[in-house]
Every structure is written in structure tokens, then in C-alpha cells.
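Reader: Hey, can you walk me through this one before I set anything up? I'd like to start with the backbone and then move on to pockets and charges.

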Amino acid sequence: MVDDVVATLRAQGYATIPDAISALEVDTARHELEDILERTPPGRDDFEGRSTRRVYALFAKTRALDTMATHPAVLGVLDAVLGDYQLSAPAAICIGPGEVAQPLHPDDAIYPVARPHQELVVNVMWPLEEFTAANGATRIVAGSHRWGDERPGPATPVTTVEMPARTALLYLGSVWHGGGANQTDRARLGVVLHYASAWLRPVENHVLSVPPAMAKTLSPRLQELLGYNIAPPFIGYVDGRHPRKLLSAN
């Protein structure tokens, strides 16, 4: 399955893995995130969405997403596309009723690297309910990961990726995409886990967001994804040593 997903991802810029997680995982994540969202303010600008609430520092606030972050099939795809990588900008995104469509954008544009380039970022969107065209499903410009300086215009075909909960939607950081408009009377909740090549600085500073005492309790793989890692040959060391040794020190 991993090879098929990688091939589709490279061909069109996105791919899905149906039934990737259980209904229980979805329900648990929804329940925990809904509690957190009650204390989360709406977005500050048109990009975040003024009727959208975003939960940052996810792995300091809930353990319900740990299995999604370390999903074996997803990591197999990331191994093939990115090689060495870590979590960069994970967030829960709750698009509220009446929200307008997010501007289309590529997520790797924050890095000043001329296009086209090797893939630097892969995103995984986990819908925690059905994503539809009406409630703000992710929109993707298929094939745009191969663009150079092109930009989408009014006539550019855009695919709205409708999918049920339990699906994993993977899309390259170089593909143009955006959240859709929510034309329903209910909020739409999903979690996007944003991974970047390990030699890049992540968007969110997870070693500060997740206290070391908490990081010690996590699985070794999740510790690595949160920044306790080395990008070969030695990017990321602490006092000449692997950063994981900090978590095992007394």
C-alpha cells in the first residue's frame, strides 16, 4: 500500500488512505479537542480564518493524536518522500459556520527555496468527521507541485477532497491547497499534521511547547518527531550528543 500511495502522491500531489484509523480513535480525538476548543479563540486574520479556531501545541495538550502522528503507513510514505523528518506545524482546525474559503497556498513557501525543488514538507489531514464540499473540505490544485512560478487563477481547476472520517489525506507541501468555505450550520473539525525535512527549522518549537518532563513519557518515535532527533550526519546535537540523551538523563 505504501508504494501505491507514494506513486499517487508524486503523480498528483495528494493521496488518501481510507480506513486508516478506528472510529474509537476519531471519537476520542474529537471529544478531547472539543474541550480544548472551548478555550480557543478564533483566527486573527483571513489566512487563519476569522470564524476558524486552531489548536496549536497539540502534543502538549492531548495524547489522543499520538497514534496518528506515528501511523505506520503514513511514516512509511514519509520515509520514501522526505527521508529524515520531524513534525513542524501540527494543528487542529475547526472551520466554523459561515467561514469563507482559505486562500490557496503551498505550505513549503515559508522556506526560501526556489521552485521546483526536492520535497521539503508533507502534510497529513485527519478528518474527525465527514469532509464535504459544503462544510469546508480541503481544496487541492492537482499537479501544482510541479509548478515553478505559476500561481492558480480563477480558471484553475481545483479538486475538493470529500472524504469520511478515519481517512488520511496526504498532500505535498509544494502543492497549492486551502481549506474550503463552510456553508453549513455546523463546525468542521480536522487535524493537520505537518512534517518537514529534519534539517529545516520546524514552524513550531516543539521542544519548548512540550515540556521535557512530558516528552520523557512519550514513545521514542514521537520524541524524535518532536525534535529529539538528529538529521544526519549531526544536525541537531546538544553539547555534541544526541538530544534524546537529555530525556534519559537523571
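**Backbone, pockets and charges**

Author: Just after α5, G83 has a positive phi of about 85°. Helices and strands here are DSSP runs numbered from the N terminus (H or I over at least four residues for a helix, E over at least two for a strand). Bear in mind that this is a predicted model: local features need pLDDT of at least 70, side-chain atom pairs count only at pLDDT 80 or more, and totals for chains, interfaces and linings use all residues. Residues are numbered from 1 along each chain as its sequence is written, and side-chain values use heavy atoms, with hydrogens and water left out.

Reader: Ok, and which residues of α5 are buried?

Author: In helix α5 (residues 72-81), the buried residues are A73, V74, L75, V77, L78 and V81. Buried means under 20% relative accessible area, exposed means over 50%, and partly exposed is in between, using a 1.4 Å probe and protein chains only.

Reader: What about positive phi in a residue other than glycine, where does that turn up?

Author: A57 is one of them, with phi near 50°. A57 sits in the loop between β2 and α3 (58-61), and A57 is buried at a relative accessible area of 15%. D239 also has a positive phi, about 55°, although it is not a glycine. D239 belongs to the loop between α8 and α9, and D239 counts as exposed at 73% relative accessibility.

Reader: Which peptide bonds are cis?

Author: The bond from R115 to P116 is cis, with omega near -10°, and P116 is in the loop between β4 and β5. The bond from P232 to P233 is cis too, with omega near 5°. P233 lies in the loop between α8 and α9 (244-248).

Reader: Switching to pockets. What volume does the largest pocket have?

Author: About 620 Å³. On a 1 Å grid over the protein atoms alone, a pocket is an open set of points where a 1.4 Å probe fits, with protein on both sides within 12 Å along at least five of seven lines, and lining residues have an atom within 4 Å of a point. The volume is the space filled by probe spheres set on the points, with grid points joined across faces, edges and corners.

Reader: And what lines the largest pocket?

Author: There are 34 lining residues, and F47, R54, Q102, H105 and D107 lie nearest the centre. The lining divides into 16 nonpolar, eleven polar and seven charged residues. In that split, Ala, Val, Leu, Ile, Met, Phe, Trp, Tyr, Cys and Pro are nonpolar, Asp, Glu, Lys and Arg are charged, and the others, Gly among them, are polar. The strands β2 (52-55), β4 (91-95), β5 (121-127), β9 (177-178) and β10 (188-197) each supply at least two residues of that lining.

Reader: How about the second largest pocket, what's its space and lining?

Author: The second largest pocket holds about 280 Å³. Its lining has 17 residues, with Q86, L200, R201, P202 and G227 nearest the centre. Nine of the lining residues are nonpolar, six polar and two charged.

Reader: Now charges. How many salt bridges does the structure hold?

Author: Nine. A salt bridge is a side-chain nitrogen of Lys or Arg within 4 Å of a carboxyl oxygen of Asp or Glu. One of them joins E129 and R30, at 2.9 Å from N to O. E129 is in the loop between β5 and β6 (139-140) and R30 in helix α2 (residues 23-37), so the pair ties together parts that are 99 residues apart in sequence.

Reader: Are those two buried or exposed?

Author: E129 is buried at 11% relative accessible area, and R30 counts as buried at 17%. R30, E34, E129 and R186 are linked in a network of salt bridges.

Reader: What does R44 pair with?

Author: R44 forms a salt bridge with E48, with the closest N and O atoms 2.6 Å apart. R44 counts as exposed at 63% relative accessibility, while E48 is buried at 10%.

Reader: Last one. What's going on around E204?

Author: E204 is buried yet has no salt bridge, and the nearest side chain of opposite charge, K61, is 7.0 Å away. For charge, Lys and Arg count as positive and Asp and Glu as negative, while His and the chain ends are not counted. The backbone nitrogen of A57 lies 3.0 Å from a polar atom of the E204 side chain.

How values were computed: A polar contact is a pair of N or O atoms within 3.5 Å; within protein, one must be able to donate a hydrogen and the other to accept it, and residues adjacent in sequence count only if both atoms are side-chain atoms.
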